[in-house]
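Colleague: I am new to this structure. Please choose one part of it, go through that part closely, and then show me how the rest is laid out.

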Amino acid sequence: MRARYGIGPLAPVVLAVRGAALLLALVALARTAVQGLAEPGLALVFGLLVAAGELARRGAAAGEREPAPLAAAGALAYALLGDSAGRPTTHGALQVIAVVVVAQALAAVPRGACGRRTDADRAARRTLTVGFAAVCFQPLYASGQAERWFGDGPWFPLFPLTVLALTALCDAVLAALLARSAARAGGPGALPPYASLLVDEVRALAGTGVAIGATGVVTALGVAVAGPWAPAVLCGPLLLTQVSARRYAAVRTTCGQTMASLARATEIAGYTPPGHARRVAALATAVGRELGLTGPRLTVLEHAALMHDIGQLSLLDPVAGGATARLPAAEQRRIALLGGAVVRRTGAGPEVAAVVERQADPYREQPLAARIVRTVNAYDDLCGESVGGPLRALEQLRLGTGHDHQPQVVEALGRVLARGGLTPAGAG
């Protein structure tokens, strides 16, 4: 645990999440073992659905928010299941948790045999969020309270939808906590604010999260009308969505690799010092997190930082040390525009190109990502010039806050460097 998450005040949060999931799983398994399995046919159908979804994770893209959407939808559908073919079910919340836990464990066996690691945190999250949904839905449905609140007509689907919304919020809270804890492994300066991570997780629900939740609710309602065969039909579109999402992720990965290769071109050609683009990207990302950037905005910042010097390839002779700040303003502007044109051809997106194009603008006219790249780039250049160490380089940046650098960005850089010991940028 310490090796993965580091030592810090949030490490107990990870232990608490895993411990709560383990305790809930043990209670559910014990209760189900003692009282027996209610509606074993339904339990088998949804257990197989969850296990199949977990096994379908093969080939999931790195960083994918929900690598097993079919498993998530199946688990939610079982948690929100009230009737089967018009007859009330009696499985209850604890059996839902037990079936999901067993299905995840069975799917982990062949994955482990193939050398694919099981994500304990994601399994704990699913156990807790599915448990939350089941505890919110099953008792109210079985007691008839949900029917008294929403009626037995067209308004009843509002009940599972309300539970689904609360479950999504619960999952976002857990995901943000675990993401912030895991960020400690990135070293000093890499810790993003929790509020920014939570907002990012909530925004992400508008993507695949909506498809997963909708599929879960529709599957539960479909089983209520048509019986256990409904999941086989209703979960098909989610499989197609999963395939499409992974193809899109693969394209984005290829785009990132292309940008990383192009970023090295300036170093190989002798226009920038070795490792400059990589150092600027890593430090700019840490500063972006310090200023509250997460998700897609952080990705744009990282890619722009990697590509910020690509326009220097248009120069006949390299600038000493790669520091274009000494060039005339018109020449800086020309290099920035050429760099933006190159970025647009990589497929990185107009947001990344806009950040690269505006590197030579006054900072008050720049977007935040461009201000961060400008300041971090200047810091790395100053450290490379041996101006007296990182403290002296940071002091020079502070002296330039009246015109060249935004004060808030410089101070954020100072905080990140202070947590990292103010070590000078290294070559390579």
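Modeller: What follows starts with one helix and its surroundings, then moves to other parts of the chain.

This is a predicted model, in which local features need pLDDT of at least 70, side-chain atom pairs need pLDDT 80 or more, and totals for chains, interfaces and linings use all residues. Residues are numbered from 1 along each chain as its sequence is written, and side-chain values use heavy atoms, leaving out hydrogens and water.

First, the setting. The protein chain holds 18 helices and two strands. These are DSSP runs, numbered from the N terminus: helices are H or I with at least four residues, strands E with at least two. Of its 428 residues, 46% count as buried. Buried means under 20% relative accessible area, exposed means over 50%, and partly exposed lies in between (1.4 Å probe, protein chains only).

Now the chosen part, helix α18. The helix covers residues 407-419. Does its length fit or miss the expected span? Its 13 residues should span 18 Å at 1.5 Å a residue, and its end C-alpha atoms are 19 Å apart, so the two agree. The expected span is 1.5 Å times one less than the number of residues.

Which residues of α18 are buried? They are V409, V410, A412, L413, G414, V416 and L417. These buried residues pack against three helices: α12 (276-290), α16 and α17 (390-399).

One of those partners, α16, deserves a look of its own. This helix runs over residues 368-384 and holds R374. Why does R374 count as buried? Its relative accessible area is 16%, so R374 is on the buried side. R374 is in contact with Q359, A360, D361, Y363, Q366, D404 and H405, leaving aside neighbours within four places in sequence. Contact here means heavy atoms within 4.5 Å. Across the protein chain, residues 24 or more positions apart supply 70% of the contacts with a separation of 6 or more.

Next, another covered helix. α4 (residues 69-79) has 11 of its 11 residues buried. Among them are P69, L70, G74, L76 and Y78. The buried residues of α4 also include A71, A72, A73, A75, A77 and A79.

Helix α8 (residues 158-183) is where L177 sits. L177 counts as partly exposed because its relative accessibility is 21%. Not counting residues up to four places away in sequence, L177 touches V13 and Y194. L177 and A195 are 18 residues apart in sequence, and their C-alpha atoms are 9.8 Å apart.

In α2 (residues 11-35), look at L29. L29 has 32% relative accessibility and therefore counts as partly exposed.

Two loop residues have a notable backbone angle. E39 lies in the loop between α2 and α3 (40-55). Its phi is near 45°, a positive value in a residue other than glycine. E39 is partly exposed, at 25% relative accessibility. A85 lies in the loop between β1 (83-84) and β2 (87-88). Though not a glycine, A85 has a positive phi of about 55°. At 37% relative accessibility, A85 also counts as partly exposed.

Last, the aromatic rings. F137, Y141, F150, F156 and F159 form one cluster. Rings of Phe, Tyr and Trp (its six-membered ring) pair when their centres lie within 6.5 Å; planes under 30 degrees apart are stacked, over 60 edge-to-face, and the rest tilted. By this rule there are six aromatic pairs.
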